[in-house]
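Here are my notes for you, set out as numbered points. Please keep the model open while you read.

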Amino acid sequence: MTKLHVKEMSCNHCVARIDKVLSDAGIAHTVTLEDKSVTIEGDEAVVQKSIEELDDIGFTAEVE
């Protein structure tokens, strides 16, 4: 598992948008608003795909 920090995540609406885009991409994940993180289950290619998907909807994700 890889944990991504998403500094722009600020509310439950953000969580819902992130959850939807990653679910639609078939990426297993957990979104946590409290520490502004997304935990990705998968290899490096899946992590990169997740970062790209989040970037497409306006979020900057960095590996913690």
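How many salt bridges does the count come to by the rule used here? The rule asks for a side-chain nitrogen of Lys or Arg within 4 Å of a carboxyl oxygen of Asp or Glu, and the count comes to three.

1. A word on the ground rules. This is a predicted model, where local features need pLDDT of at least 70 and side-chain atom pairs count only at pLDDT 80 or more, while totals for chains, interfaces and linings use all residues. Residues are numbered from 1 along each chain as its sequence is written, and side-chain values use heavy atoms, with hydrogens and water left out.

2. The overall layout. The protein has two helices and four strands, in the order β-α-β-β-α-β from the N terminus. These elements are DSSP runs numbered from the N terminus, with helices being H or I of at least four residues and strands being E of at least two.

3. Dimensions. The C-alpha trace spans about 30 × 25 × 15 Å along its principal axes. For 64 residues, a compact globule would have a radius of gyration near 11 Å, and the 10 Å of this protein agrees with that. The radius is taken over C-alpha atoms, and the globule rule is 2.2 Å times the number of residues to the power 0.38.

4. Surface and burial. About 3,700 Å² is exposed, with carbon and sulfur atoms supplying 48% of that area; the areas come from the Shrake-Rupley method with a 1.4 Å probe, and for residues only the protein chains shown count as cover. Of the 64 residues, 36% are buried. Here buried means under 20% relative accessible area, exposed means over 50%, and partly exposed is in between (1.4 Å probe, protein chains only).

5. Contacts along the sequence. A contact means heavy atoms within 4.5 Å. Taking contacts between residues at least 6 apart in sequence, 61% join residues at least 24 apart.

6. The salt bridge between Lys-3 and Asp-35. Their side chains meet at 3.0 Å, N to O. Lys-3 belongs to strand S1 (residues 2-6) and Asp-35 to the loop between strand S2 (29-32) and strand S3 (37-40), so this pair ties together parts that are 32 residues apart in sequence. Lys-3 is partly exposed at 34% relative accessible area, and Asp-35 is partly exposed too, at 33%.

7. The salt bridge in helix H1. Asp-24 and Lys-20 meet through their side chains at 2.7 Å, N to O. They sit four residues apart in H1 (residues 12-24), so about one helical turn separates them. Both residues are exposed.

8. The salt bridge in helix H2. Glu-53 and Lys-49 meet at 2.8 Å, N to O, again with four residues, about one turn of the helix, between their positions in H2. Is Glu-53 buried or exposed? Glu-53 counts as buried, because its relative accessibility is 14%, whereas Lys-49 at 37% is partly exposed. Helix H2 covers residues 44-56. Beyond its neighbours within four places in sequence, Glu-53 is in contact with Val-21, Leu-22 and Ala-25.

9. The cysteines. The structure holds zero disulfides, a disulfide being a pair of cysteine sulfur atoms within 2.5 Å. Why is there no bond from Cys-11 to Cys-14? The closest cysteine sulfur to that of Cys-11 is the one in Cys-14, and at 3.7 Å it is too far for a bond. Cys-11 is partly exposed at 31%, while Cys-14 is buried at 9%.

10. The S2 and S3 hairpin. Strands count as paired if DSSP finds at least two bridges between them; S2 and S3 run antiparallel and are joined by four. Thr-32 has Ser-37 of S3 as its bridge partner. Four residues lie between the strands of this hairpin, where Lys-36 takes a positive phi near 50 degrees. Side chains alternate along S2: His-29 and Val-31 point to one face and are buried, but Thr-30 and Thr-32 point to the other and are not.

11. Strand S4. Ala-61 lies in S4 (residues 61-63) and is buried, with 11% relative accessible area. Not counting residues up to four places away in sequence, Ala-61 touches Leu-4, His-5, Val-6, Ile-51 and Leu-54. The C-alpha atoms of Ala-61 and Ala-25, which are 36 residues apart along the chain, lie 16 Å from each other.
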